2 protein chains.
Amino acid sequence: MAEGAGGQSLLFLTDEQLRKGIEAMFFAYRGFTADPDRILAEKSYGRAHHRAIHFIHRSPGTTVNNLLATLGVTKQSLNRVLRSLIEDGLVESRVGRSDKRERNLYLTTTGQELERELSDAQRERMRAAYRTAGPEAVAGFRQVLEAMMDEDMRRQYERLTEGGRK
Amino acid sequence: MAEGAGGQSLLFLTDEQLRKGIEAMFFAYRGFTADPDRILAEKSYGRAHHRAIHFIHRSPGTTVNNLLATLGVTKQSLNRVLRSLIEDGLVESRVGRSDKRERNLYLTTTGQELERELSDAQRERMRAAYRTAGPEAVAGFRQVLEAMMDEDMRRQYERLTEGGRK
DNA sequence: CTTGGAATGTCAACAAGGCTGACATATTCT
DNA sequence: AGAATATGTCAGCCTTGTTGACATTCCAAG
């Protein structure tokens, strides 16, 4: 039953299986953001701030335009978040060296501290999930997620993970 | 190097691996919601409407309180969304049979059509990802997602997937 | 029967964080 | 010199989350 031409079972492609995957994504993403959200709420920041901090940490010196592309929001939206982070002394914006129109973004010491706190919390949940599921499951997890991305996002993602710091 | 007491490699639990998983979740979730978002934008609905429609479809006759617990929002927030769906004739709200304080929620024919359109789009991307990654990867994907949920969410999730329609 | 509590709905106000459009400024490229 | 680029900013709008207050309706305990 439901055997493909190559004799391989395609039961994992039924609507029922796909629906389970969809609902798993929904609930898991809530868990994924829950811990940072709690920390951020105390400091009256939101997810938008977290995302900005995360990617500035990942690519220190990145420009505003780069960040816009990674986050997929408008400059007005990002600017609001960025302005508050700069005012609060978590992010530093330096005029570009070669091209003075650009602003290079860096985390300050305070910014790095918050980044640490947030990513520790998020990593801790991830680590627990990984440990529970085991290495083979983790490999599959990443494969499916990568296949689920849009082309542009996959490029962003690969640029980050391959070219990332060692 | 990095071998546990049982001789099993723990390299998949390094901060680097965890960070990749975190970023994969971020980008994949964008892809996950992209197709429904496009359809919803045309009809001037948002993700909140999609979520309500999805879970009413999954559990026809569910009460408002049930839906609140599943979605994790306040009744006021849900009520706004629900009201517009009822006004537009996508959702029907019937007074409860045994307990008349409760409202039982159902999709109308029109509501079912939109649900179909949305879930077709979302399933299509899921199917493509599943097919690319293969059945073993899918099993791992689900395992990690389930391990990532909060207790309450996992209960919600299991109640849905186990007790769900056949 | 009355009263307390539960479930629901509604109104108002507010905030975060998306969006668009328009415009200013500085800088670089042609 | 003029066009294009990168950024910032102002104003206004939308969705979707929040809290607080209050009305209604119904069930169940006293």
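## Exercises: two chains on two DNA strands

Helix 2 of chain A contributes 4 residues to the surface near DNA strand C, the most of any element there. Keep in mind that this is a predicted model. Let's work through it.

**Exercise 1. Work out which parts of the protein sit around DNA strand C, and what they touch.**

*Step 1: find the neighbours.* There are 24 residues around DNA strand C, and the nearest are A:Gly46, A:Arg51, A:Thr74, A:Arg80 and B:Asn65. On the DNA side, 52% of the strand C atoms within 4 Å of the protein are sugar and phosphate.

*Step 2: pick out individual contacts.* Go to A:Arg47, where a backbone N or O atom lies 3.3 Å from a phosphate oxygen of strand C. A:Lys100 also uses a backbone N or O atom, 3.0 Å from a phosphate oxygen of strand C. With A:Arg101, look at the side chain: one of its polar atoms is 3.4 Å from a base oxygen of strand C.

*Step 3: assign the elements.* Two or more residues each come from helix 2 (47-58) and helix 4 (75-87) of chain A, plus helix 3 and helix 4 (75-87) of chain B.

*Step 4: sort by class.* You should get 3 nonpolar, 11 polar and 10 charged residues for the surface near strand C.

**Exercise 2. Do the same for DNA strand D: which residues are closest, and which atoms do they reach?**

*Step 1: find the neighbours.* DNA strand D has 23 residues around it, with A:Lys75, B:Gly46, B:Arg51, B:Thr74 and B:Arg80 closest. Sugar or phosphate makes up 56% of the strand D atoms within 4 Å of the protein, and bases make up the rest.

*Step 2: pick out individual contacts.* A polar backbone atom of A:Asn65 is 2.8 Å from a phosphate oxygen of strand D. From chain B, a backbone N or O atom of B:Arg47 lies 2.9 Å from a phosphate oxygen of strand D. Then check A:Arg101: a polar side-chain atom lies 2.8 Å from a base oxygen of strand D.

*Step 3: assign the elements.* Helix 3 (64-71) and helix 4 of chain A, together with helix 2 and helix 4 of chain B, give two or more residues each.

*Step 4: sort by class.* The tally near strand D is 3 nonpolar, 10 polar and 10 charged residues.

**Exercise 3. Describe the contact between chain B and chain A: how many residues does each chain give?**

*Step 1: count and size it up.* Each side gives 61 residues. The two chains bury about 6300 Å² between them, with carbon and sulfur atoms giving 72% of that area. On the chain B side, B:Ile22, B:Phe27 and B:Met148 supply 11% of what chain B buries, more than any other three residues.

*Step 2: look for charge pairs and polar contacts.* Between the chains you'll find 8 salt bridges, and 16 residue pairs are in polar contact. For a worked case, take A:Asp15 and B:Arg127: their closest N and O atoms are 3.6 Å apart, and they form a salt bridge.

*Step 3: assign the elements on chain B.* The elements giving two or more residues include helix 5 (109-133) and helix 6 (135-148). Helix 1 gives the most, with 19 residues.

*Step 4: sort by class.* The side of chain B that touches chain A holds 31 nonpolar, 14 polar and 16 charged residues.

**Exercise 4. Place the UniProt domain annotation on chain A and describe its span.**

*Step 1: read the record.* An unreviewed UniProt entry annotates residues 15-150 of chain A as "domain: HTH marR-type".

*Step 2: turn to the model.* Residues 15-150 of chain A are 74% helix and 9% strand, and their end C-alpha atoms lie 22 Å apart.

Methods
Residues numbered from 1 in each chain as written. Chains lettered and ligands numbered in written order. Predicted model: local features only at pLDDT ≥ 70, side-chain atom pairs only at ≥ 80, totals over all residues. Heavy atoms only, no water. Contact = heavy atoms within 4.5 Å. Buried area = accessible area lost by both parts, 1.4 Å probe. Salt bridge = Lys/Arg side-chain N within 4 Å of Asp/Glu carboxyl O. Polar contact = N/O pair within 3.5 Å; in protein donor to acceptor, adjacent residues only side chain to side chain. Nonpolar A, V, L, I, M, F, W, Y, C, P; charged D, E, K, R; others polar. Near = heavy atom within 4 Å. UniProt positions renumbered as here; feature names shortened; annotations may be inferred.
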